[in-house]
Amino acid sequence: MAYVPLADQDHELHDPHTFITKYVWSQDHKVIAIQYGGTAIFVGLVALFLSAMMRLQLGFPDTFTLIDPSSYYQAVTMHGMIMVVYLLTALFLGGFGNYLIPLMCGTRDMVFPFLNMLSFWVYLLSVIILLSSFFVTGGPTGAGWTLYPPQTITPGTPGHDTGILLMLISLGVFIIAFTMGGLNYVTTVLQARARGLTMMRLPLSVWGILVATILGLFAFPALLVSAIMMTFDLTLGTSFFMPAIMAAGEQLDYNGGSPILFQHLFWFFGHPEVYIVALPAFGLVSDVLSTHARKNIFGYRMMVWAIIAIGGLSFIVWAHHMYVSGMNPYFGFFFATTTLIIAVPTAMKVYNWVLTLWEGDIRLNTPMLFAIGFVFTFIHGGLTGLFLGNVVIDLPLSDTYFVVAHFHMVMGVSPVLVLFASLYHWYPKITGRMMNETLGKLHFWCTFLGTYAIYLPMHYLGFLGVPRRYYAMGSTDFIPESAQALNANITIAAIFVAVAQVLFFINVFWSLRNGKPSGNNPWGATTLEWQTPETPPKHGNWGPEMPVVHRWAYDYSVPGYHQDFIPQNVPGDFGVSEDHDHDTEMKSPQDA
Amino acid sequence: MSETVASNLAAPRTGLPGLVDDWSVDKQTYHVPWGKAMMWIFLVSDTFIFSCFLVGYMTVRMTTAEPWPLPTDVFALSLFGSDPIPLILIAIMTFILITSSGTMALAVNYGYRRDKRMTAILMIATAVLGASFVGMQAFEWTKLISEGVRPWENPWGAPQFGSVFFMVTGFHGLHVTGGVIYLSIVAWKVSKGHYDKKGYEIVEITGLYWHFVDLVWVFIFAFFYLW
């Protein structure tokens, strides 16, 4: 077989001329990334609005008439699903994955640009279907984002007919979109890297996105299958998940299905999904920390192996979400053990981030603040995970606000802080302009302190036994009056944080015109995306010459070099390099 | 270091050292075209879909309280007025699908020999065999529906029997139908000489998909019809 040296692709690169092919039906990964990002942030705002509605009800029950119990549950459900799937997954992989993979790997585009374009438009379709459920009779589904049957499709649950159907269809369409994008990301990283760019020279961002995408390709099938089965239960009257059941005094037409099967399928998707969100965040934050600490990432190889180990382990821990569902005690033991084992690679990563900062030449600019903020929130969220991973501690804490606090800390706030860190960090590359530092820092402190004001008290509410997902607590013997006062405080903090996000959007739009021009490499970063001939990079990224990589991604503050960073595409051996294994030019199979 | 790597690559190592070599080089990890790499990744992902279907099927079969209908009785067919022969239609369908894998493998071989005519003929033969498989599946569905099998009920026992049957064979049938369309398009392009410059890897990539669909059928056959 004859091979074209793939990274030197001058193959039939599509060549857009009109406005439509350049910016609308564009096959350029950078435009697709911005389309993905814009759409994801837009639905994210919808989710933010929904959470504000919930908090108003929880903090001040009986005050607001716009929320009744049904719409409260619908807000809970849609907020969760949008945040996890349509915002975080789409923004990390569709947004940052699309933007950074070809640039960091030194290619001109994704390997199949047309498929990539299709991926975005199908994603947009899934978002439209999802949002359309707000406008149908009965409204969106209100079964909680986990969509547990039999509740989901039993009469009495909000949106038990049309709303849930639209949700399931939207998820199916999303999975198709994700698969098209994900195949592209994995193939691009594996098969189309620049000359000299070995896997162990890849920036950790690419590693995180790569492994997360592989997790997605293996985990979303379980969600797809459960969505198909539930659609049949709903529309055809099959009984995959539905046992014989009474609803509102009437025997429903179901018989012999297994609700636990749905939980297994859902969490076989749902737990890797946590890492689909977390691993890209781990990767991106590593690059941000290293760049702004002017130090190589501590323990690069261990970081890579930790990402891979976490990815692998995430497939054998899913039933820790189901301790209260009823399960053989030996299974509980098994899943508790595997869950706690995940703490090992995760803790390794945290130590390495902290050790990267140790004695670094730290620049406390906005992206760095968000990145350091992430390390804080992630440690806190991770520590509560140790409690919930144990069966005996999970049982009393399950379905309380402790769980809400835990997962918001670990997979809500933490990835969102990384999103902000990354947006502030890569904004100059995307637009060619710097963002305003003062506004950015104000945004950081409001967000960071505000989220602590929201979620730290929630742990306490959980210990008190306040159940999650309740429309109103009412008056109970075991919950003291003070819990309500705490709830009101949380709501005020939440509204404050929500409003503070306006700072970010003002900054984004203001800087688009008025930010000071960034140049190609404002942060003095080593990775390839900062070495493009133009900023923002033009179509095809690299101009006539493809980049050649001579070193790993973290040559910061190397003694004996005239700058405190050595870009990956600079040849030569300067002073002490951490990259002992690849000290000189790597031979590729084409050269041999 | 670079010297040793280069000399190793001159004579590719096999086994574990070969794996290490593949993952240590720059540019591309596997020495295959992009499309082929992507197809492999897609097929692994698709494997998870079918695995979830089959695991779901086994779970409902275990949880349902009513007896599971006997496949040997349900899938029996009288030929020319004989007594009903168990699984005869399924046996023929399986035979046809596996035969189509053979014609596909031949097509790949002729493709790499750049014999456009034979490649196209063999791919069309594969597509025809696949289409006849789908046709027989349609016949099987019709027969069962006329006997009263529905996704929500059937005359012989657990209603999940019909649910699983229509869902799993339907999803597989969609894969086969998609494969037939895919094969026809590629065969047409082959005969037009579209791949003279690009190379005939596309035939092998199509073949990968087709063999996968056949392999999945073997598992469905074993777990649904023989169990």
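# A guided chat about chains A and B

Guide: Let's start at a tail: over residues 577-592 of chain A, pLDDT stays under 50, yet the model has 39 contacts for this stretch beyond four places in sequence. Keep in mind that this is a predicted model.

Visitor: Where else in chain A does pLDDT stay under 50?

Guide: Over residues 1-10, a stretch for which the model has 21 contacts beyond four places in sequence. As pLDDT is the predictor's confidence in each residue, on a scale from 0 to 100, values under 50 there fall in the lower half of that scale. For chain A as a whole, the mean pLDDT is 91, and 94% of the residues reach 70 or more.

Visitor: What about the mean pLDDT of chain B?

Guide: That mean is 90, with 96% of the residues of chain B at 70 or more. Helix 1 (residues 2-10) of chain B has the lowest mean pLDDT among the elements of that chain, at 47, while helix 6 (residues 116-146) has the highest, at 96. Over residues 1-8 of chain B the pLDDT is below 50, and this stretch has twelve contacts beyond near neighbours in sequence. The model itself scores ipTM 0.92 and pTM 0.93.

Visitor: How many helices and strands does chain A have?

Guide: Chain A has 14 helices and two strands.

Visitor: And how do you know whether chain A is compact or spread out?

Guide: Set two numbers side by side. The radius of gyration of chain A is 24 Å, and the globule rule gives 25 Å for 592 residues. Those are close, so chain A is as compact as a globular protein of that length. Its C-alpha atoms fill a box of roughly 75 × 55 × 50 Å along the principal axes. Of its 592 residues, 54% count as buried. If you take the contacts in chain A between residues at least 6 apart in sequence, 79% of them join residues at least 24 apart.

Visitor: In what order do the elements of chain B run?

Guide: From the N terminus on, α-α-α-α-β-β-α-α-α-α. That's eight helices and two strands.

Visitor: What makes you call chain B compact or spread out?

Guide: Same recipe. Its radius of gyration is 22 Å, but the globule rule gives 17 Å for 227 residues. As 22 Å is well over 17 Å, chain B is more spread out than a compact globule. Its C-alpha trace spans about 70 × 40 × 25 Å along the principal axes, and 34% of its 227 residues count as buried. Chain B is divided into domain 1 (1-31) and domain 2 (33-225), and the centres of these two domains are 37 Å apart.

Visitor: Back to chain A. Why is A:G249 called buried or exposed, whichever applies?

Guide: Count its neighbours: A:G249 has 5 other C-beta atoms within 10 Å. Exposed means 12 or fewer, so with 5 A:G249 is exposed. You'll find A:G249 in the loop between strand 1 (246-247) and strand 2 (250-251) of chain A. A:G249 and A:A194 sit 55 residues apart in sequence, and 66 Å apart in space from C-alpha to C-alpha.

Visitor: What makes the phi of A:A248 worth pointing out?

Guide: Most residues other than glycine have a negative phi. The phi of A:A248 is near 50°, a positive value in a residue that isn't glycine. A:A248 lies in the loop between strand 1 and strand 2 of chain A, and with 8 C-beta neighbours inside 10 Å, A:A248 counts as exposed.

Visitor: And how do you know which exposure class A:D399 falls in?

Guide: A:D399 has 16 other C-beta atoms within 10 Å. Buried takes 20 or more and exposed takes 12 or fewer, so A:D399, with 16, lands in between and is partly exposed. Its place is the loop between helix 11 (391-397) and helix 12 (401-431) of chain A. A:D399 also has a positive phi, about 60°, although it is not a glycine.

Visitor: Which residues does a cis peptide bond join, with omega about 0°?

Guide: A:P149 and A:P150. A:P150 is in the loop between helix 4 (113-132) and helix 5 (162-191) of chain A. Another cis peptide bond joins A:T535 and A:P536, with omega about -10°, and A:P536 lies in the segment after helix 14 (481-514) of chain A. Why point these out? Because most peptide bonds are trans.

Technical notes. Residues numbered from 1 in each chain as written. Chains lettered and ligands numbered in written order. Predicted model: local features only at pLDDT ≥ 70, side-chain atom pairs only at ≥ 80, totals over all residues. Helix = DSSP H or I, 4+ residues; strand = E, 2+ residues; numbered from the N terminus. Rg over C-alpha atoms; globule rule 2.2 N^0.38 Å. Contact = placed C-beta atoms within 7 Å. Domains from an automatic or database assignment.
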